[in-house]
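Please read this report alongside the sequence and the structure shown here. It is meant for someone who is meeting this structure for the first time.

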Amino acid sequence: VGKVGLEKTFEKDLIGVNGVQRYEVNAYGKRINQIDHVEGIKGKNITLTIDAEIQNLANDLLKGKSGSISIMDIYNGEILALISSPSFDPNLFLHGISNKDWNVIRNNKLKPLINKSVSGLYSPGSTIKPLVALSALENNILSPNLKIRCTGKIELYGQKYHCWKEKGHGLMSLRNAIKQSCDTYFYEIARKLGVDRLSVTAKKYGLGSKTLNNIFLDEKAGLVPSTKWKKNNLGKGWVLGETLITGIGQGYIQTTPLQLCLMTAQLANGGFKIIPKIIADKEQETVEVIRKKMEESKNNKKSSLVETTEKLFNTKENEYSPLFINQKNVEFVLEAMYGATNELYGTSYKSRIEDKKYQFAGKTGTAQVKRITELQRKLDLKTEDIPYEDRDHALYVAYGPYEKPRYAISILVEHGGSGSATAAPIAKKLFKLVIDRHKLREKTRLEKFTNI
């Protein structure tokens with residue numbers, strides 16, 4: 001009996017229906033007459049979009065770590081890999097788990113019972129900066145040429161807000177701020193933008209809502225804060241400092257790794273809505289057809305009144321509709337992510353691949369789990385010198401190949417320290433296999449998927 005994950009969701013389909021045979025028997029138990037016969041119904045096969053080779057590599061790359069890897073096709077939304085590490089042996093529960101085995105699983109500090117890809121909630125850190133930049137551009141808050149000087153920290157109402165680079169980045173433009181992940185620049189963007197406008201953009205791109213439409217019964221929606229949310233839920237007014245830290249992916253905002261993968265996919269496909277899928281669809285349209293639909297929807301953008309009316313009376317999600325106001329803003333953000341990975345001083349420059357076949361673009365993230373004191377800041381401790389529970393989470397989101405994008409990826413390593421040092425190198429290994437298997441996967445789309 002399926003107890004968790006997809007096996008629980010599709011239990012009735014997978015298990016089928018038992019057959020029934022009833023007999024009349026005499027006092028000796030001998031069958032005299034058959035009085036009922038119902039044929040059993042064989043359970044159905046559920047075909048996944050998962051690529052087993054990529055899933056296995058992703059699993060190996062997270063061995064010994066607590067974290068998640070999600071990989072998605074940016075056009076049809078098919079999920080190629082969905083890893084939560086560490087896992088556990090479900091066979092231990094088959095006839096009742098022993099106290100010893102249960103305590104080993106329950107007391108494991110890496111939390112094997114949580115599906116981190118869909119149920120783990122984390123601050124996105126700097127992985128949200130491309131979306132913050134896009135929101136500011138879409139709302140005409142700033143010009144890409146706006147220059148802001150980063151000195152390493154700013155002070156607001158007596159509270160200091162630090163940049164990750166102690167002595168600052170100097171004079172920064174928007175592209176360089178994304179490339180070098182300058183916190184000071186994004187404090188200023190967030191201040192000008194406001195949390196409510198950022199919240200609207202974040203929700204458009206998949207944050208703050210369930211990604212797989214209850215296919216995983218334990219999936220979490222996450223949280224994208226707004227002034228109204230805080231007033232309704234905490235009974236307090238929003239303060240400006242909270243806007244600043246939301247602009248660098250800290251504070252109240254909580255996302256799942258799969259949501260970050262969807263966000264990246266919808267940026268990489270040019271800013272169009274897709275619906276993620278983990279169950280293979282035999283009627284799935286080709287990428288050429290999808291691209292054509294995206295182009296048509298871009299050229300036939302509906303008025304806000306029509307869109308609102310459709311939302312009220314039509315429950316079906318409008319797949320492939322544009323999420324942007326001006327597509328050039330999306331293109332700007334994608335090009336800045338290229339710089340972050342493939343240009344000197346980019347935060348993931350060390351993980352770049354120069355071969356254009358495998359070249360990818362991405363954004364690192366380092367999410368604090370505990371506030372850093374002034375003393376700790378001065379000590380500048382290395383990750384290994386910090387207690388495990390106090391270490392930052394390492395994140396990375398990326399898309400590739402850069403010239404003709406097809407896949408998006410999100411990587412999270414719990415308490416892994418820096419996203420550039422821990423998460424980005426994993427993406428480098430994954431993209432090679434993902435792209436190498438592309439033609440084979442396209443050729444055998446419906447025949448070679450993993451069966452439950």
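The text below turns to a sheet, then to the helices that pack on it, and then to a pair of helices.

**The sheet**

The model is a predicted one, and within it an open sheet of five strands runs in the order β4-β3-β11-β10-β9, with antiparallel pairing. Its edge strands are β4 (79-85) and β9, each of which pairs on one side only, and from one strand to the next the twist averages 10°. As a general point, the strands of a sheet pair through backbone hydrogen bonds, either parallel or antiparallel.

The table gathers three of the pairings, each with a pair of residues that stand opposite each other.

| Strands | Sense and bridges | Opposite residues |
|---|---|---|
| β3 (residues 67-73) and β4 | antiparallel, six bridges | Ile69 and Ile83 |
| β9 (residues 361-367) and β10 | antiparallel, seven bridges | Lys363 and Val397 |
| β10 and β11 (residues 407-413) | antiparallel, seven bridges | Tyr399 and Ala408 |

Strand β10, which spans residues 393-400, is mostly covered, since eight of its eight residues are buried. His393, Leu395, Val397 and Tyr399 point one way from β10, while Ala394, Tyr396, Ala398 and Gly400 point the other way, and all are buried. A hairpin of six residues leads from β10 to β11, and the two strands it joins pair in the antiparallel sense.

**Helices on the sheet**

In the sheet, β3 and β4 pair in the antiparallel sense over six bridges. Helix α11 (residues 257-268) packs on the sheet, where it touches β3, β4, β10 and β11, and its direction makes about 30° with that of β3. Helix α14 (residues 327-342) also packs on the sheet, touching β9 and β10, and the direction of α14 makes about 75° with that of β9.

**A pair of helices**

Two packed helices are described by the angle between their axes and the distance between the axes. For helix α5 (residues 129-138) and helix α7 (residues 183-193), the axes come within 10 Å and cross at roughly 40°. Because this angle falls outside the ranges that count as roughly parallel, roughly perpendicular or roughly antiparallel, α5 and α7 are oblique to each other. Their crossing is left-handed.

Which residues of α5 and α7 meet? From α5 these are Lys129, Val132, Ala133, Ser135 and Ala136, and they meet Asp183, Phe186, Ile189 and Leu193 in α7. Taken by class, the contact of α5 with α7 has six nonpolar residues, one polar residue and two charged residues.

Notes: Residues are numbered from 1 along each chain as its sequence is written. This is a predicted model: local features need pLDDT of at least 70, side-chain atom pairs count only at pLDDT 80 or more; totals for chains, interfaces and linings use all residues. Side-chain values use heavy atoms; hydrogens and water are left out. Buried means under 20% relative accessible area, exposed over 50%, partly exposed in between (1.4 Å probe, protein chains only). Helices (H or I, at least four residues) and strands (E, at least two) are DSSP runs, numbered from the N terminus. Two strands pair if DSSP finds at least two bridges between them. Axes are lines fitted to C-alpha atoms, for helices over the stretch in contact, and angles run from 0 to 180 degrees between N-to-C directions. Contact means heavy atoms within 4.5 Å. Angles under 35 degrees count as roughly parallel, over 145 as roughly antiparallel, 65 to 115 as roughly perpendicular and the rest as oblique. A crossing is left-handed if the near helix is turned anticlockwise from the far one by less than a right angle, and right-handed if clockwise. Ala, Val, Leu, Ile, Met, Phe, Trp, Tyr, Cys and Pro count as nonpolar, Asp, Glu, Lys and Arg as charged, and the others, Gly among them, as polar.
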